[in-house]
Amino acid sequence: MSLGSWQPQIHRLEARWLEEFIALGRQEPLPDLNAALDDDLRHRGALMALTEPAWLEAVQDFDRAEIVALMRFLVVAEATLPGWEAGAGSPVIYLNHLLKRRETPLDQDELRWIKAHTSNRFLPNGPL
């Protein structure tokens with residue numbers, strides 16, 4: 001019998017999670033997320049599978065800096081935390097599209113940072 005890692009069901013993003021993710025995403029360099037997150041949050045990788053509307057509703061009142069910090073956290077989480085892989089369904093893509101719609105797209109340094117910290121070929125623009 002094999003034991004997988006248990007992941008709680010997630011139906012919406014909680015503000016307290018987003019606040020913690022943003023705080024971590026603002027740090028330079030980002031800390032080791034395995035050490036920085038408590039067990040509960042480390043096992044919340046299922047939130048990466050939430051729909052675009054769920055993510056956009058959760059961040060509707062966030063400013064650009066908060067969204068970029070959240071994106072930074074999610075990029076590193078996907079790259080380093082087991083169960084956080086999202087591929088073409090990454091919320092980073094949704095957040096990038098939101099910034100473009102707001103006419104505040106990522107700048108070249110931010111785009112380079114994402115590319116340097118991910119192996120997800122879909123980030124930040126999504127599938128072609």
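Does Leu24 count as buried or exposed, and what is its relative accessibility? In this predicted model, Leu24 counts as buried, because its relative accessibility is 8%, and the cut-off for buried is under 20%. Leu24 is found in helix H1, which covers residues 15–25. So what does Leu24 touch, once its neighbours within four places in sequence are left aside? The list reads Leu30, Pro31, Leu33, Ala36, Leu37 and Phe73. One of these partners, Ala36, sits twelve residues away from Leu24 along the chain, and the C-alpha atoms of the two are separated by 8.2 Å.

Another residue to look at is Phe21. With neighbours within four places in sequence again left aside, Phe21 is in contact with Leu37, Leu41, Leu47, Ala69, Leu70, Phe73 and Trp84. Leu37 and Phe73 turn up among the partners of Leu24 and among those of Phe21. Phe21 also belongs to the largest nonpolar core, which has 39 residues. The core residues with the most contacts inside it are Phe21, Leu47, Trp55, Leu70, Phe73, Leu74 and Trp84. Which helices feed this core? At least two residues each come from H1, H5, H6 and helix H7 (108–116). H5 gives the most, with ten residues.

That brings the story to H5 and its partners. Helix H5 (residues 64–80) packs with helix H6 (residues 91–101) at an angle of about 160°, and their axes are 9 Å apart. This angle makes H5 roughly antiparallel to H6, because angles over 145 degrees count that way. The crossing of H5 past H6 is left-handed. On the H5 side, the contact is made by Arg64, Ile67, Val68, Leu70, Met71, Leu74 and Val75. On the H6 side, Pro91, Val92, Leu95, Asn96, Leu98 and Leu99 do the job. Sorted by character, the residues of this contact come out as eleven nonpolar, one polar and one charged.

H6 deserves a look of its own. Eight of its eleven residues are buried, so H6 is largely enclosed by the rest of the structure. The buried ones are Pro91, Val92, Ile93, Tyr94, Leu95, Asn96, Leu98 and Leu99. What do these buried residues of H6 pack against? They pack against helix H4 (52–58) and H5.

H5 has a second partner in H7. The axes of H5 and H7 come within 9 Å and cross at roughly 20°. The two helices are therefore roughly parallel to each other, since the cut-off for that label is under 35 degrees. H5 passes H7 in a left-handed crossing. From H5, the residues involved are Arg64, Val68, Met71, Arg72, Val75 and Val76, and these meet Glu110, Trp113 and Ile114 in H7. This contact divides into six nonpolar, no polar and three charged residues. Some H5 residues serve on both sides: Arg64, Val68, Met71 and Val75 are listed in the contact with H6 and also in the contact with H7.

Among the H7 residues that meet H5 is Glu110, a charged residue. Is Glu110 buried or exposed? Glu110 counts as buried, because its relative accessibility is 18% and the limit is under 20%. Apart from neighbours within four places in sequence, Glu110 is in contact with Arg64, Val68 and Pro105. Arg64 and Val68 are both in the H5 part of the contact with H7.

Glu103 makes for a nice contrast. Glu103 is found in the loop between H6 and H7, just after H6. Glu103 is exposed, because its relative accessible area is 69% and the cut-off for exposed is over 50%. The backbone at Glu103 also has a quirk: phi is near 65°, a positive value in a residue other than glycine.

Two more backbone details concern prolines. Where are the cis peptide bonds described here? One joins Glu28 and Pro29, with omega about -5°. Pro29 lies in the loop between H1 and helix H2 (33–36). The peptide bond from Leu123 to Pro124 is cis as well, with omega near 0°. Pro124 is found in the segment after H7.

Conventions
Residues numbered from 1 in each chain as written. Predicted model: local features only at pLDDT ≥ 70, side-chain atom pairs only at ≥ 80, totals over all residues. Heavy atoms only, no water. Axes fitted to C-alpha atoms, helices over the stretch in contact; angles between N-to-C directions. Helix = DSSP H or I, 4+ residues; strand = E, 2+ residues; numbered from the N terminus. Parallel < 35°, antiparallel > 145°, perpendicular 65-115°, else oblique. Left-handed = near helix turned anticlockwise from the far one by under 90°. Contact = heavy atoms within 4.5 Å. Buried < 20%, exposed > 50% of the residue type's maximum accessible area, 1.4 Å probe, protein only. Core = buried A, V, L, I, M, F, W, Y, C linked by side-chain atoms within 4.5 Å.
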